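User: Please take one part of this structure, the strand pairing, and go through it closely. Then follow whatever touches on it.

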Amino acid sequence: LDKLPLRNKKILITAGPTYEAIDPVRFIGNHSSGKMGFELAKEAAKLGAEVVLISGPTHLQLENSMVQLVRVTSAQQMYEAVHEVFEEVDVVIAAAAVSDYKPKTVASQKMKKKETSLTIELTPTPDILGSLGKIKKHQKLIGFALETNNELEHAKGKLERKNLDFIVLNSMNDKGAGFKKDTNKISIITKEDVMSYGLKPKSDVAVDILHEVINLLHE
Ligand code: C5P
């Protein structure tokens, strides 16, 4: 049995939320902790891969110096950092919870409170993973999906639309799964199959995902 099945492979992983500035002190963000992406990076390095982890704002640290960590703040910065290394990588796992929208304009001074209601106009951020699906050559692309309804149908739609090799569906219906938790419950969806896994620590979930990546690379 090969102990380092990802040796000579370069894997790019995105993690965490993105922050979209409203003014110098405020932003639009989400509750992503970055844990799933960081666990994927650690386990991929243990399996022999060269890992680049591009992460939005998170309190997590990496002891493992085998992982190259690039910290970014906004979706646009994550987009640029990802495209800078994409050509050199064999696999991309997009675990980041990228903000779908950003304020259309960013105030240069802290916005003052007024007695009237406030409207902030939002504009879409770039779809990082979708943009990779359009230009991929040999690269394997893996995405995440978090759905609240018609989970399977929506996840399959994303798999097709973003030209992915497989998509990891996070269950929202399980107590121990999702944002900020140390455990997760997933299904892996390919064009042909749906594989469902039990609730387990995110480090074990990461290993399950990476074993599927290894299968893909051997096909
Ligand atoms: O379309 P949706 O955001 O649900 O798709 C989720 C997948 O796409 C995740 O893998 C996420 O990291 C990625 N994504 C991205 N850039 C965006 C939005 C989502 O890379 N702007």
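Analyst: Start with the rule for pairing: two strands pair if DSSP finds at least two bridges between them. The model is predicted.

Now the whole sheet. It is open and has 8 strands, in the order β5-β4-β1-β6-β9-β10-β12-β13, and its pairing is mixed. The edges are β5 (67-71) and β13 (194-196), each of which pairs on one side only. From one strand to the next, the twist averages 15°.

Take the β5 edge. Strand β4 (residues 50-55) runs parallel to β5, and 5 bridges join the two. One pair of opposite residues is V51 and V67, with V67 in β5. Helix α3 (residues 128-135) packs on the sheet. The strands it touches are β1 (10-15), β6 (91-94) and β9 (140-146). Its direction makes about 150° with that of β9.

Which strands does the next helix lie across? Helix α4 (residues 151-161) lies across β9, β10 (166-170), β12 (186-189) and β13. To β10 it runs at about 150°.

β9 is touched by both helices. The strand is mostly covered, with 6 of its 7 residues buried. Pairing comes next. Strands pair through backbone hydrogen bonds, either parallel or antiparallel. β6 and β9 run parallel and are joined by 4 bridges. In that pairing, A94 has G143 of β9 as its bridge partner. β9 and β10 also pair in the parallel sense, over 5 bridges. Here F144 has V168 of β10 as its bridge partner. The chain goes from β9 through α4 to β10, a right-handed β-α-β crossover. Another residue, I142, stands opposite F166 in β10.

Is β10 buried or exposed? It is mostly covered: 5 of its 5 residues are buried. In a regular strand the side chains alternate between the two faces of the sheet. In β10, F166, V168 and N170 lie on one side, and I167 and L169 on the other. Both faces are covered, since these residues are all buried. To be buried, a residue needs 20 or more other C-beta atoms within 10 Å of its own.

How does β10 run relative to β12? The two are antiparallel, joined by 4 bridges. I167 has its bridge partner in β12, namely I189.

The ligand comes next. The shell around the ligand holds 13 residues, and A94, V98, I128, L129 and G143 come nearest. The elements giving two or more residues to this shell are α3 and β9. β9 supplies the largest share, 3 residues. By type, the shell divides into 8 nonpolar, 3 polar and 2 charged residues. Two of the nearest residues, A94 and G143, are the bridge partners met above.

Now the loops on either side of α4. N150 sits in the loop between β9 and α4. It has a positive phi of about 40°, although it is not a glycine. Why does N150 count as exposed? The limit for exposed is 12 or fewer other C-beta atoms within 10 Å. N150 counts as exposed because it has 10 C-beta neighbours inside 10 Å.

N163 is placed in the loop between α4 and β10. N163 also has a positive phi, about 60°, and is not a glycine. Its 15 C-beta neighbours inside 10 Å make N163 partly exposed. Partly exposed covers counts in between the exposed and buried limits.

Last, the segment before β1, where L4 is found. L4 is exposed because 11 other C-beta atoms lie within 10 Å. Which residues does L4 contact, leaving aside neighbours within four places in sequence? They are L47 and G48. A107 is 103 residues from L4 along the chain, and their C-alpha atoms are separated by 49 Å.

How values were computed:
Residues numbered from 1 in each chain as written. Predicted model: local features only at pLDDT ≥ 70, side-chain atom pairs only at ≥ 80, totals over all residues. Axes fitted to C-alpha atoms, helices over the stretch in contact; angles between N-to-C directions. Contact = placed C-beta atoms within 7 Å. Right-handed = clockwise from strand over helix to strand, strands pointing away. Near = placed C-beta within 6 Å. Nonpolar A, V, L, I, M, F, W, Y, C, P; charged D, E, K, R; others polar.
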